[in-house]
Amino acid sequence: MELKEQQEIANAIFQQYGGREFVLVTGAKNFQYLKDGGLIYEIGRNEKGVKYVETKLNGDDLYDVRFFDSKGKVLAEEKDVFADQLLDVFQQKTHLYASLLLGPSHLFLDIWTQGGVFYKKKGMWKRFKIAGFSYNNFLINFMAKIAGLLLLFLSYGGMHAQNYNSIYFYVRNVIR
């Protein structure tokens, strides 16, 4: 397999995962093409302990996906995966959900932490943070959960009512 063909296959796999949106939401990095037609990349911390994901094109024009820990041990493997199922398999095996809604909300919460978020300005990486709360601050985590529930409630109310007066009536009737 020629170099150009290897790179085209890797790029096609990257696009099937979701391209830049996938990178934004999951923190995937260090993408490398494989000589036998595939892509391997590193992902951020997740509850399943997956560190690397390898996706190879097999002879049936389907994909074989393997998930590795940080020491290279295979944690899970899926064979004969269709292109439109790649993201579902990834989410199932890593519990990282690749939704564009999650990326901005994650960034919003990160600006309140010690680490903040990084952005590039004139070729230099800068850190932006509003406050320096620790990641395990109980009060801040509790408040973030309450805010999330409130946003879910508001979005639900917005879908079923033309204005937010219905929220007032809903709260008033629940309190009685």
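Phe138, Leu139, Phe142, Met143, Ile146 and Leu149 together form a nonpolar patch on the surface with about 660 Å² of accessible area, where a patch takes residues with over 30% relative accessible area and no salt bridge, its nonpolar side chains joined within 5 Å. The model is predicted, so local features need pLDDT of at least 70 and side-chain atom pairs pLDDT 80 or more, whereas totals for chains, interfaces and linings use all residues. Residues are numbered from 1 along each chain, and side-chain values use heavy atoms, without hydrogens and water.

Leu149, one of the patch residues, lies in helix α5, residues 138-160, and counts as exposed because its relative accessibility is 53% (exposed means over 50% relative accessible area, buried under 20%, with a 1.4 Å probe and protein chains only).

Helix α1, residues 3-17, has 15 residues that should span 21 Å at 1.5 Å a residue, and its end C-alpha atoms are indeed 21 Å apart. Its buried residues are Gln6, Ile9, Ala10, Ile13, Phe14 and Tyr17. They cover an arc of only 140° around the axis and therefore sit on the same side of α1. In an α-helix there are 3.6 residues a turn, so residues three or four places apart point the same way. The buried residues of α1 pack against several elements, including α2 (20-26), β1 (29-34) and α3 (86-94). Just after α1, Gly18 takes a positive phi of about 130°.

Ala131, in the loop between β7 (124-128) and α5, is buried, with a relative accessible area of 18%. Its C-alpha atom is separated by 4.8 Å from that of Trp112, 19 residues apart along the chain.

Notes. Patch = residues over 30% accessible without salt bridge, like charges linked within 9 Å, V, L, I, M, F, W, Y side chains within 5 Å. Areas by Shrake-Rupley, 256 points an atom, 1.4 Å probe, with all protein chains shown as cover. Salt bridge = Lys/Arg side-chain N within 4 Å of Asp/Glu carboxyl O. Helix = DSSP H or I, 4+ residues; strand = E, 2+ residues; numbered from the N terminus. Expected span 1.5 Å × (residues − 1). Arc of directions from axis to C-beta. Contact = heavy atoms within 4.5 Å.
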